[in-house]
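Reader: Hello! I would like a close look at one part of this model, with the packing around it explained step by step. Could you walk me through it?

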Amino acid sequence: MTTTSGLQRLRFILNTYYSGPQAWFYLADDRGYFRDEGLQIDFTEGDTAANAVPKLASGAFDVGYGDMNALIELAAQRPGEAPIAVYAMHNQSPYTIAVPADGPIRTPADLRGRKLVSHVNDAAWRMFPEFAHANGFDPAEVTVEFSDLRHREIVPLMLQGRWDGLFGFVNTVAAGTMEAGLDPKACLRHLEWRHHVPSLYGAALMVTPQLRREQPEVVAGLVRAVNRGVADAVADLDAAIDAVARRNPNIDRVANRARLAGTLALEMGHAEGARHGIGDIDEARLAEAIACISAAKHFATAPSAAQVFDRGFLPAPEQRVRSLG
């Protein structure tokens, strides 16, 4: 759809509400990078990175910020309908099971017989079969309850003994813990996917098959603008949080700045970033992730790496961010 100003309008489904770890999109928007490419982006807040994938596939959106692993699942189940990733933002998985630091759970095997809590569409919970498969136990050995509470409410209840652990993203759980007035480093221990299922990637910029097929120049411009936003966010975290606050004035700036800094250090901190630049992937590693997910979810046919990720729209290697400061 073209706007009255002649710009190409793209409907963009986010992974969650406006927050620090998406700041590059808003910085790119505020600084005119999308407009430079002839684009107008209409952002819609989402309800988890995993859920952004089927919403994008539904046809209601053109672009999404979704979970690569959920994309692999959809590509296995509905080949030809699934979106495709064009810029891999997170080069390692941010998923975790957060447990009390002074509790008995220290290894994945210690989860047997325990009770965990999750939001109903949480991406970490959705990827628990892969975590269990990679670590040699049956996910059915663990009880999972669902809660609509925010992390800032769940963490204190978990520490009081209501649950043994919490599914989530490392930095999101940490931010919620800070919002609860607690020190996440002092009170939490993490069983992280990046350590226990290291092949998995995280969130990526995705487009519909139709947009990729019919308007490749639009996809290329979108990626260029986002890449510029990433570079600017890395260079100035405070300016990045300002861009978030213009869309969500009620955010906790301190917690969201910490989330953004944590995302750069963790989700985007794999050594691949220095080798390939943020946005690209390692094909052998992606193939390993696809094999892990297909085995854990018992898919009859696994998608190929080319059905999941297209590097053809990436900026030249010298234009990619390689140091996250």
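Which residue stands opposite G64 in β10? Please start there and take me through the sheet and the helices that pack on it.

Author: Happy to! One point before the details: this is a predicted model. The residue you are after is M206, which stands opposite G64 in β10. The pair belongs to the contact of β3 with β10, two strands that run antiparallel and share 5 bridges.

Let us widen the view to the whole sheet. It is open, has 5 strands with mixed pairing, and follows the order β2-β1-β3-β10-β4. At its edges stand β2 (39-44) and β4 (84-88), each with a single partner strand, so one side of each has no neighbour in the sheet. From one strand to its neighbour, the average turn in this sheet is 30°, direction ignored.

Now for the helices on this sheet. Helix α1 (residues 23-30) packs on it and touches β1, β2, β3 and β10, with a direction at about 145° to that of β2. Helix α3 also packs on the sheet, where it touches β1, β3 and β10, and its direction makes about 140° with that of β3.

It is worth staying with α3 for a moment. Its buried residues are A49, A50, N51, A52, V53 and L56. They pack against β1 (8-13), β3 (63-67) and β10 (203-207), and also against the helices α4 and α5 (123-126). A general point helps in reading such a list: an α-helix has 3.6 residues a turn, so residues three or four places apart point the same way. After α3 comes G59, which has a positive phi near 95°.

The partnership with α4 deserves its own look. Helix α3 (residues 49-57) and helix α4 (residues 68-77) have axes that come within 7 Å and cross at roughly 45°. The two helices are therefore oblique to each other, and their crossing is right-handed. On the α3 side the contact is made by A50, V53, P54 and A57, while α4 brings A70, L71 and L74. By type, the residues of this contact divide into 7 nonpolar, no polar and no charged. Two of the names, A50 and V53, were already met among the buried residues of α3.

For context, here is another sheet in the model. An open sheet with the order β7-β6-β8-β5-β9 also has 5 strands and mixed pairing. Its edge strands are β7 (143-146) and β9 (188-192), each pairing on one side only. Here neighbouring strands are turned by 35° against each other on average, direction ignored. Within it, strand β5 (residues 95-100) pairs with β9 in the antiparallel sense over 5 bridges, and I97 stands opposite L191 in β9. Helix α7 (residues 151-159) lies across β5, β6 (115-118), β8 (165-169) and β9, and runs at about 150° to β8.

Finally, a helix pair to set beside α3 and α4. Helix α8 (residues 170-179) and helix α14 (residues 253-265) pack at an angle of about 155°, their axes 9 Å apart. These two are therefore roughly antiparallel to each other, and α8 passes α14 in a right-handed crossing. In this contact N171, T172, A175, M178 and E179 of α8 meet V254, A255, A258, R259, G262 and T263 of α14. The residues there divide into 5 nonpolar, 4 polar and 2 charged.

Note on methods. Residues numbered from 1 in each chain as written. Predicted model: local features only at pLDDT ≥ 70, side-chain atom pairs only at ≥ 80, totals over all residues. Heavy atoms only, no water. Axes fitted to C-alpha atoms, helices over the stretch in contact; angles between N-to-C directions. Helix = DSSP H or I, 4+ residues; strand = E, 2+ residues; numbered from the N terminus. Parallel < 35°, antiparallel > 145°, perpendicular 65-115°, else oblique. Left-handed = near helix turned anticlockwise from the far one by under 90°. Contact = heavy atoms within 4.5 Å. Nonpolar A, V, L, I, M, F, W, Y, C, P; charged D, E, K, R; others polar. Pairing = 2+ DSSP bridges. Buried < 20%, exposed > 50% of the residue type's maximum accessible area, 1.4 Å probe, protein only.
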